[in-house]
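Me: Could you walk me through this structure, one question at a time?
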Amino acid sequence: MALRAATILSFARIVSSVVIAEELPPLPATTYEVVDDLSYSQRTAQTLWAPMAGTKPVSIVDVQGRHALRMPCQFRDNPVERASWDRRLKLDLAWRTGVQFLFYCREAAPVSSFTLYLRSGDGWYRGNFPVSSTTGWTPVQIHKKDMGVEGRPAGWSQVDTVRISAWRGQDADTEFYIAALGLFGGGGKIVLIRNDSVAAGAPGELEAVKRYTDALAQFLDRVGLAYVVASDLDVTAERLKGTRLVVLPYNPGMPDAAVTAIARFLREGGKLLAGYRLPRDLEQAAGIRNGAHVSQKYAGYFSSIRPAEKSLVGMPAVTQQSSWNINEMSPLEGRSYVAAWWHTAEGQSTGKPAVLVSDNAICLTHVLLPDDRVNKLHLLLALVGHLVPELWRDAAGGAIERMGRLGPYEDYDTAYRGIEALVSAPSDALSALQGADQWRQEGLTRLSQGEFPQALAAAEQAQQFLIHAYCLAQTPVAGEHRAFWCHSAFGVAGLSWDGAIKLLADNGFTAILPNMLWGGVAYYPSDVLPVSATVSERGDQIELCLAACKKYGVQCHVWKVNYNMGSAADKAFVAQMKAQGRTQVAYDGTSNDRWLCPSHPENQKLEIESLLEVARKYAVDGLHFDYIRYPDRQGCFCPGCRARFEASVRRKVNAWPADTRNNAELAAKWLDFRRRQITTVVAAVAGQARQVRPGIKISAAVFRNWLADRDAVGQDWKLWCEQGYLDFVCPMDYTESAGQFRHMIEPQLAWAGKVPCYPGIGLSTWSDPTDICRLIEQIDITRQLKTGGFTIFNYGPAEATQVLPLLGEGMTRKQ
């Protein structure tokens with residue numbers, strides 16, 4: 001019987017494997033370089049792909065003669081944060097664009113996010129990819145430019161391990177499959193060198209390095225100019241062969257070897273574009289001298305870049321850029337000249353150089369910022385086109401080829417027909433389509449005549465007309481909650497509160513959530529919190545905002561950043577809080593001086609009273625929690641937390657804080673303790689504010705994955721909805737992926753229950769914060785899922801001038 005049972009079990013396993021394989025859709029053909037086709041046995045696969053603790057092993061499945069890797073995610077009754085596997089694999093991505101593979105997942109709901117890690121030296125490169133259920137194999141591309149840095153990686157050429165992680169989203173099991181793991185892209189005329197080496201000496205610079213590299217990459221993407229993002233740790237003279245242009249977006253400290261290689265590249269005929277800092281050993285090779293750091297004399301001092309008498313072909317007459325300081329570079333006599341100067345907001349020249357040009361290099365005296373995107377693109381093309389003239393041709397051709405790539409459309413013809421189908425009668429949308437067609441023809445004509453700057457400008461105009469037509473073709477939905485978060489207590493820069501609120505009302509928005517107070521500072525006359533000195537100069541910001549809201553019929557839900565005292569908090573107040581033992585201490589014993597401890601009774605009182613004060617003093621429509629959580633799992637482990645936790649469990653914790661993680665019983669109680677501290681404040685504010693001001697609405701900006709975040713940051717917002725503490729909830733669903741946005745919202749609606757859930761759209765966090773077509777797509781998803789509304793982050797100058805009016809022409813049009 002034992003032998004028979006074993007035989008049946010073995011047969012069942014084989015049948016199960018075959019069934020899985022037969023249910024998988026056929027694998028599509030691949031054209032990229034595959035570095036792991038998974039053509040090995042089951043035993044080898046389970047050896048090569050090592051699972052983390054709590055993760056099940058992989059298995060190989062046969063899909064019509066090709067192999068795929070099954071990666072099971074056991075989240076039900078398994079207290080792991082993620083399912084994760086490591087594959088030892090040496091890869092050289094130094095001059096490649098990124099990693100690519102095929103992906104399939106029938107049911108992605110149990111996963112909150114996927115991450116690909118690449119280990120290099122003493123660190124990792126990290127990139128997320130979208131989560132969504134699929135009906136077929138989906139190609140996944142993870143670009144190096146989008147990957148962050150952890151630790152101290154040794155460069156893209158030194159990758160030795162691939163890790164794939166599926167992060168827990170729900171208490172349910174699922175599985176996903178990958179196939180044809182490979183690399184894509186490479187070569188090209190342009191190399192953007194990212195200053196990854198600062199991770200070793202100045203890790204605080206990493207975020208800025210990535211941000212300014214991304215900004216340049218996005219401009220090149222917009223016109224289809226091919227490039228590679230390379231680490232400064234991988235730069236050699238040999239690798240630079242075949243490159244026409246090296247770009248240093250922001251490189252505060254480069255390895256000597258990389259600088260030496262670039263100097264040789266310049267001597268051998270290569271060209272260089274550098275922003276803000278030029279390595280000193282490149283001054284002679286580039287013909288441009290570094291200068292002193294110069295801060296702005298006042299806000300708006302470095303406000304625009306305007307051509308000098310001797311300028312460059314295609315350089316805009318005015319390019320807006322709100323810079324705060326520059327590196328006052330200067331020409332080397334006989335080698336270079338100033339091609340553009342900085343001007344103030346009033347249009348006066350500062351006499352400070354903005355762009356310097358030599359025979360083989362161009363330097364900007366500050367980094368290239370992603371504001372004034374149309375003129376900034378043309379400025380960048382004038383720079384690269386001067387250094388490498390054929391790039392004008394490539395950019396013009398790329399811009400014309402990319403016309404029509406907007407919203408759900410992939411090319412010009414499908415965009416034209418699709419927008420035309422949305423319009424049933426002669427309208428402004430059809431007129432805009434006709435304008436697009438005229439500009440497209442102009443662009444094609446100019447391209448054929450070799451007039452590349454003019455062809456590119458025409459292509460840009462055609463695209464703008466298409467986008468305008470797409471916006472005009474949208475229709476509004478009545479009764480919708482439409483809100484903007486506004487992170488500045490002073491509203492939109494360049495507008496008064498009256499002007500900013502009128503603009504919202506005119507374009508169909510119903511609410512604003514202005515950030516008027518933090519854990520340590522208020523922007524109104526407060527008797528509870530320290531008052532910002534700016535209030536004496538600029539007035540009571542709640543009063544100003546609320547007056548405009550009442551005037552134009554827009555709801556005002558005052559937003560507080562809880563616990564986080566903020567960078568504007570008075571230093572004396574921060575020091576006082578620390579001296580009183582009211583600030584957080586991390587698990588490793590380090591201080592987190594800007595965050596108040598959520599379990600301290602006086603801090604809870606401060607949070608509650610500061611919000612109740614707003615409800616008492618002002619006729620606001622609502623109070624809005626933000627940062628109503630711990631920063632992460634690392635806090636808070638201060639002596640007060642220990643004493644209060646021990647009192648709550650009625651026992652001593654001998655190994656503090658280790659037992660809160662290593663002792664299963666205490667770990668569960670610790671997580672519950674953290675949740676109670678946060679919930680106490682939410683419940684108190686909700687109950688008392690409604691007594692102070694009947695009809696007031698209580699809401700919260702929350703992390704998107706309640707199931708994981710209730711433990712990770714103590715934010716039990718499903719409970720808050722169930723108990724009626726919240727009148728609406730705004731999960732911060734900040735993603736550029738439409739599929740992942742939908743994937744985030746679906747479980748949130750169930751967690752919110754009867755409480756309205758107005759998903760947060762992260763417009764200002766996107767690579768292009770003016771991408772109106774992507775915004776329309778995400779708003780449309782909220783409508784398909786019947787959320788009843790949405791909340792957009794953040795209401796700033798670009799959103800007010802470039803996005804809001806286009807929404808108001810269709811999607812949120814007043815009826």
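**Salt bridges and a sheet**

Reply: Happily, starting with one pair: Lys 551 forms a salt bridge with Asp 498, their closest N and O atoms being 3.1 Å apart. A salt bridge here is a side-chain nitrogen of Lys or Arg within 4 Å of a carboxyl oxygen of Asp or Glu. This is a predicted model, where local features need pLDDT of at least 70, side-chain atom pairs count only at pLDDT 80 or more, and totals for chains, interfaces and linings use all residues. Residues are numbered from 1 along each chain as its sequence is written, and side-chain values use heavy atoms, leaving out hydrogens and water.

Me: How many residues apart in sequence are the parts that Lys 551 and Asp 498 tie together?

Reply: Helices (H or I, at least four residues) and strands (E, at least two) are DSSP runs, numbered from the N terminus. Lys 551 lies in helix α15 and Asp 498 in helix α13, so the pair ties together parts whose separation in sequence is 53 residues.

Me: Is Lys 551 buried or exposed?

Reply: Buried means under 20% relative accessible area, exposed over 50%, and partly exposed in between (1.4 Å probe, protein chains only). Lys 551 has a relative accessible area of 55%, so this residue is exposed.

Me: Which strands stand at the edges of the sheet?

Reply: Two strands pair if DSSP finds at least two bridges between them. The open sheet has 6 strands in the order β2-β5-β11-β7-β8-β10, with antiparallel pairing. A single partner strand leaves one side without a neighbour in the sheet, so the edge strands are β2 and β10.
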